[in-house]
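Here is a short report for a reader meeting this structure for the first time. Keep the sequence and the model side by side while reading.

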2 protein chains.
Amino acid sequence: MPHMKKGKITGELKNKSKDLMTVEWKNNQVVMIDQTKLPGKLVFLRYKKYEDVARAIERLIVRGAPAIGIAAAFGMSLAAISSKAKTHTALLRDLKIAYDRLRSTRPTAVNLAWALDKIMSVATSKTNVEDIKKSILLSALNMATDDITTNKKLGLNGAGIIGNDEVILTHCNAGSLATVTYGTALGVLRAANDMGKKIQVIATETRPVMQGSRLTAFELDYYNIDVSLIPDTAVGYLMSKGKINRVIVGADRILKTGHVYNKIGTYQVAALSKRHNIPFYVAAPLSTFDLSSNVNEVVIEERNKNELMKMGNKLLAPKGIKVFNPAFDVTPPELITGIITEKGILMPPYEESIAKNI
Amino acid sequence: MPHMKKGKITGELKNKSKDLMTVEWKNNQVVMIDQTKLPGKLVFLRYKKYEDVARAIERLIVRGAPAIGIAAAFGMSLAAISSKAKTHTALLRDLKIAYDRLRSTRPTAVNLAWALDKIMSVATSKTNVEDIKKSILLSALNMATDDITTNKKLGLNGAGIIGNDEVILTHCNAGSLATVTYGTALGVLRAANDMGKKIQVIATETRPVMQGSRLTAFELDYYNIDVSLIPDTAVGYLMSKGKINRVIVGADRILKTGHVYNKIGTYQVAALSKRHNIPFYVAAPLSTFDLSSNVNEVVIEERNKNELMKMGNKLLAPKGIKVFNPAFDVTPPELITGIITEKGILMPPYEESIAKNI
């Protein structure tokens, strides 16, 4: 993809005072960190076309429920800017095509649909072509700013429950790299760290895409937070040894019943937490809540078998073998101690606390 | 290591009628499959020196509790043959050096110590140099033959409990490649398959060394048994969906209390089985039982952090990150439905059934 190579900017890994900007709007382009190159290289990519943003979401160049929502919103702005439409009806037609394409990229995280729907409702509320284009960009920019303030509030709410000297396990990456810049689950840890609480973080590798090794370990190290990496197979053993005080993870979608869709492996971490009486928290902004779907209606994305078959050029399993590779699982409410949001911490029974607060 | 390259024989991957011979004695050499090259290449290595066998065990060229026991016994025979000692006292001194070296290779699996102790007791029962050399080889060869017959008996005992159309999950590799050729947990599955029972096997990848992807998937495919690969993170999700009927794993050491040491991740698979009311079986020969140690006395090997940091040349996590990489964990007896041995299936309470039968 030559347009990507052309647009490549290599960042400065040593300049750790700066927050990692996962997705940003600059000079009418979407700029994002290429997360597939981490932890080896911090590379920023620039996109001018919404189709390239869609492909970047599919290829996990950008991932994490809040971040893909913002990326898609900026993608809509690219679609609007590049549209040659002279009438608002023609523009809305172009936007609908972009909306469908971007929405099809990943089925499970609800923030993607949430952001796209918001952009479309802004677009349909105007009748002038230029007004529509401007208001889409403004709306996407506001979303990005809101993501930061939301996550900082969420972080502060969550940090209150973290004790000094705690060892906290997290799964996958719900950090800077899953949001615009502050993080949800890792935002809570950053806030606790900023308050001067001593914490140690255990990051699971998170097979098969290794977001724990590549992203969480990278970004906590970047922000100077004490982090240790473990294989996903060592979670139960560490818990049985009494080494984990708390678990905090992110979420891709939360239902009105309190069922949480998140990275594959979250459910078993929650079940093991229950067995060992370890508090298990979910940290997610309100945009993660889906109050209309039921638990059997949510599509769990199944990803390509090559994620298990290969690592770089190395073949990990015999060719032609069958593979089951779901990207997400669902954690039932009875395993969840609390859900940390920007409005406060929701407690069980979730059916009630969610209905009252969301 | 030029002696290894020199000794390399590449096997025929297509000749699936032949059993995989993991470790064998041929022409005064130890011949073993290089398991680090699987599933890409089936390569056999030949060793003439016990030191090379020790290094092969450390480097996981041969792994699996029963297989490393046999490999070490053959290593003792190499030490005996190459010794220039003229007296039995001098020979025993040489053998003791080889014993210490081989025994130090891996601390957790008890079969290694069991096999080495057996060889030493044979050696010390003779007084003539040539007698000692012959009887060590004979004893090692008998161990290899016994391993096959033992595992076939164990397989038949276990196959009796497998129902038709069952979906059975296994973790790590307790197959041909963990024994001389027949396998323990996978021996049970081979026996069930040979009886004409239709089974489907789910193999976990088994991070970090990927014995599930590289070895279990490879060998079940080789023996034409239906196998699907999943990431270690998907175990709980599959169980919650009711997709798993039974779990069977191997063991590296079993205590008199019924505590089972096995590959890291076994404990959490067992805990998740309990949560979902799925029968959880361990398959292991009697040589796996350690009736003298207590649960806090067994050393759990911690392996090199590079197993998590790198895959081939690809860097998976930021340099300098802390890593916790235990090779084994311990599953308590209350999570184990039964222990399949060559003598029959041990049932709880294990303290009683083990005392009575082992």
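## A salt bridge across the chain

The side chains of A:Asp19 and A:Arg190 form a salt bridge, at 3.1 Å from N to O. A:Asp19 sits in the loop between β1 (9-10) and β2 (23-26) of chain A. A:Arg190 belongs to helix α7 (residues 185-194) of chain A. The pair therefore ties together parts that are 171 residues apart in sequence. Side chains of opposite charge can pair when their charged atoms come close. Over all chains, the count comes to 30 salt bridges. Keep in mind that this is a predicted model.

## Two helices packed together

Helix α2 (residues 50-58) of chain A packs on helix α3 (residues 65-82) of chain A. The angle between them is about 160 degrees, and their axes lie 8 Å apart. Angles over 145 degrees count as roughly antiparallel, so α2(A) and α3(A) are roughly antiparallel to each other. The crossing of α2(A) past α3(A) is left-handed.

Which residues of α2(A) and α3(A) make the contact? From α2(A) come A:Tyr50, A:Val53 and A:Ile57. From α3(A) come A:Ile68, A:Ala71, A:Ala72, A:Gly75, A:Leu78 and A:Ala79. By class, the contact of α2(A) with α3(A) has eight nonpolar residues, one polar residue and no charged residues. Gly counts as polar, so A:Gly75 is the polar one in this contact.

## Two copies of the chain

Two copies of a chain are related by a rotation about an axis and a shift along it. Here, a rotation of 180 degrees superposes chain B on chain A, with 0.0 Å of shift along the axis. The RMSD is 0.0 Å. That is the relation of a two-fold axis. The same surface serves both copies, as 100% of the contact residues of chain B recur in chain A.

## Backbone details in the loops

Most residues other than glycine have a negative phi, and most peptide bonds are trans. The table lists two cis bonds.

| Cis peptide bond | Omega | Place of the proline |
|---|---|---|
| A:Leu38 to A:Pro39 | near 5 degrees | A:Pro39, loop between β3 (29-33) and β4 (43-47) of chain A |
| B:Arg207 to B:Pro208 | near 5 degrees | B:Pro208, loop between β6 (199-204) and α8 (211-222) of chain B |

Is the phi of A:Asn27 positive or negative? A:Asn27 has a positive phi of about 50 degrees, although it is not a glycine. A:Asn27 lies in the loop between β2 and β3 of chain A.

Key
Residues numbered from 1 in each chain as written. Chains lettered and ligands numbered in written order. Predicted model: local features only at pLDDT ≥ 70, side-chain atom pairs only at ≥ 80, totals over all residues. Heavy atoms only, no water. Axes fitted to C-alpha atoms, helices over the stretch in contact; angles between N-to-C directions. Helix = DSSP H or I, 4+ residues; strand = E, 2+ residues; numbered from the N terminus. Parallel < 35°, antiparallel > 145°, perpendicular 65-115°, else oblique. Left-handed = near helix turned anticlockwise from the far one by under 90°. Contact = heavy atoms within 4.5 Å. Least-squares fit on C-alpha atoms with pLDDT ≥ 70 in both. Salt bridge = Lys/Arg side-chain N within 4 Å of Asp/Glu carboxyl O.
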